[in-house]
Amino acid sequence: MVKLVQKNRLIPLIAAVSFNMIVYVGSRLIAGEWHHYNIESSWDRRIPFWPPSAVIYLGCYLFWAANYILIARQGKKEVCQFFSADFISRIVCLAFYLLFPTTNVRPEIPSEGFWNQVMTYLYSIDAADNLFPSIHCLVSWFCYIGIRQKKEISVWYRVFSCIMAILVCLSTLLTKQHVIIDVIGGVLLAELCFWIGKKPFIWKKYEKILDMLNKKFFMGERE
């Protein structure tokens, strides 16, 4: 990791991953037994269940890692703007997961077939909660908007990131892991928080904290 990004960019990456896990797992531990609301619509019931889409749903973690590292390699201002937006988005997610926990109805999966077994495994490790807004869609859209205006990144990769983000959103529906409103919520939340993160009074506060931590752990490396 140190070879891929500067040492003083490791803290935003580590903090983002850690806080994401705290929000996702912590909210489940707190609200797991609470009443969950099913906000599935008639449109959701028209979307087919397609087990092979699990390869995108599970494989997107590589996409996330690659793009978050790319974003962490940007200038200090852009890094602070992006990762402050990322942090704010998880605060909003945590509020929804605790104040308005949601669920959906998953299909019965036949035991035969490779992809059916993959889906059975996926359902076993990921409960039908923490649905709105979808973190899968949120993070995937962040991966795109974090580089979409960066001319130093190849056009083909920016286009690929947009397509990949859309495919991840579709996979959340085709695996019946999420419903349409979850997807919309994740994408809109990413755009909103990305806009908020560009406000100087937001990203400069993040910058101060980052400088303090870099000084503590990396002997004062600030840039």
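A surface patch, as the word is used here, is made of residues with over 30% relative accessible area and no salt bridge, and nonpolar side chains are joined into one patch within 5 Å. In this predicted model, such a nonpolar patch is formed by Val-17, Met-21, Val-25, Leu-29, Ile-30 and Trp-34, with an area of about 620 Å². One of these residues, Ile-30, belongs to helix H1, which covers residues 10-31. The relative accessible area of Ile-30 is 48%, so this residue is described as partly exposed. That value is over the 30% that a patch residue needs.

The loop between helix H5 (114-125) and helix H6 (135-145) is a good place to look next, and Pro-133 is found there. The peptide bond that leads from Phe-132 to Pro-133 is cis, with an omega near -5°. Asn-130 also has its place in the loop between H5 and H6. Its backbone deserves a glance as well: phi of Asn-130 is near 50°, which is a positive value in a residue other than glycine. Asn-130 has a relative accessibility of 5% and therefore counts as buried, the limit for that word being under 20%.

A positive phi turns up again in another loop, the one between helix H7 (155-174) and helix H8 (180-197), where Lys-176 lies. Lys-176 is not a glycine, yet its phi is about 60°. Is Lys-176 buried or exposed? With a relative accessibility of 12%, Lys-176 counts as buried, because buried means under 20% relative accessible area.

Notes
Residues numbered from 1 in each chain as written. Predicted model: local features only at pLDDT ≥ 70, side-chain atom pairs only at ≥ 80, totals over all residues. Heavy atoms only, no water. Patch = residues over 30% accessible without salt bridge, like charges linked within 9 Å, V, L, I, M, F, W, Y side chains within 5 Å. Areas by Shrake-Rupley, 256 points an atom, 1.4 Å probe, with all protein chains shown as cover. Salt bridge = Lys/Arg side-chain N within 4 Å of Asp/Glu carboxyl O. Helix = DSSP H or I, 4+ residues; strand = E, 2+ residues; numbered from the N terminus. Buried < 20%, exposed > 50% of the residue type's maximum accessible area, 1.4 Å probe, protein only.
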